[in-house]
Amino acid sequence: MIWSGFRPSDDAAAFGYSIPGNMYAVGSLERILTINDAVWQNDDFKARVTKLRDDVLAGINKFGIVNVGGTKIY
């Protein structure tokens with residue numbers, strides 16, 4: 001996952017691994033992959049971005065989901 005010391009409001013973050021921020025990063029990385037496929041067509045870049053996206057998503061799935069009353073939530 002991606003660590004950040006500050007929230008979007010520039011306040012210090014008590015917890016550095018913001019689940020919403022990391023989810024936004026995954027979406028941004030997916031859009032970058034779409035641009036790469038349409039414009040740049042760089043296989044090395046695609047592999048590196050794909051690995052980063054997959055690693056962040058794995059972290060979200062491992063650490064960002066909790067069970068509350070039988071329902072899984074972020």
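**Entry 1. Buried face of α1**

I looked up which residues of helix α1 are buried in this predicted model. I found I19, N22, A25, V26, G27, L29, L33 and N36. For the cover over these residues, I noted that it includes α2, which spans 43-63. In general, an α-helix has 3.6 residues a turn, so residues three or four places apart point the same way.

**Entry 2. Extent and ends of α1**

I then checked the span of α1. The helix runs over residues 19-40, 22 residues in total. From its first C-alpha to its last I read 30 Å, close to the 32 Å expected at 1.5 Å a residue.

At the start of the helix, I recorded a side-chain oxygen of S18 that reaches to within 3.2 Å of the backbone nitrogen of G21. At the other end, I looked at Q41, just after α1, and noted a positive phi of about 55 degrees.

**Entry 3. N22**

I returned to N22, a residue of helix α1. Is N22 buried or exposed? I entered it as buried, because its relative accessible area is 2%, against a limit of under 20% for that class.

What does the side chain of N22 reach? I found the backbone oxygen of S18 at 2.8 Å. S18 is thus entered twice in these notes: its backbone oxygen is reached by N22, and its side-chain oxygen reaches towards the backbone nitrogen of G21.

Leaving aside residues up to four places away in sequence, I listed the contacts of N22 as M1, I2, Y17, V56 and I60. Of these, I noted that V56 and I60 fall within the 43-63 range of α2, the helix included in the cover of the buried residues of α1.

**Entry 4. Nonpolar patch**

Turning to the surface, I looked for nonpolar side chains. I32, I35, V39 and W40 make a nonpolar surface patch of about 380 Å². I placed W40 in helix α1.

**Entry 5. Salt bridges**

How many salt bridges does a search of the whole structure find? I recorded five, and I examined the following among them.

- The side chains of R7 and D11 meet at 3.5 Å, N to O. I classed R7 as partly exposed because its relative accessibility is 45%; D11 is partly exposed as well, at 37%.
- The side chains of D37 and K46 also meet at 3.5 Å, N to O. I noted that D37 lies in the 19-40 range of α1 and K46 in the 43-63 range of α2. D37 counts as partly exposed at 41% relative accessibility, and K46 counts as partly exposed with a relative accessible area of 35%.
- The side chains of D55 and K51 meet at 2.7 Å, N to O. I noted that both are in helix α2 and, because they are four residues apart, are separated by about one helical turn. D55 is partly exposed at 38% relative accessibility, whereas K51 is exposed, since its relative accessible area is 52% and the class begins over 50%.

**Entry 6. I73**

Last, I looked up I73, which lies in strand β2, residues 71-73. I entered I73 as partly exposed because its relative accessibility is 38%. Which residues does I73 touch, not counting those up to four places away in sequence? I listed G64, I65, V66 and V68.

Key
Residues are numbered from 1 along each chain as its sequence is written. This is a predicted model: local features need pLDDT of at least 70, side-chain atom pairs count only at pLDDT 80 or more; totals for chains, interfaces and linings use all residues. Side-chain values use heavy atoms; hydrogens and water are left out. Helices (H or I, at least four residues) and strands (E, at least two) are DSSP runs, numbered from the N terminus. The expected span of a helix is 1.5 Å times one less than its number of residues. Buried means under 20% relative accessible area, exposed over 50%, partly exposed in between (1.4 Å probe, protein chains only). Contact means heavy atoms within 4.5 Å. A polar contact is a pair of N or O atoms within 3.5 Å; within protein, one must be able to donate a hydrogen and the other to accept it, and residues adjacent in sequence count only if both atoms are side-chain atoms. Patches are made of residues with over 30% relative accessible area and no salt bridge: like charges are joined within 9 Å, nonpolar side chains (Val, Leu, Ile, Met, Phe, Trp, Tyr) within 5 Å. Accessible areas come from the Shrake-Rupley method with a 1.4 Å probe; for residues, only the protein chains shown count as cover. A salt bridge is a side-chain nitrogen of Lys or Arg within 4 Å of a carboxyl oxygen of Asp or Glu.
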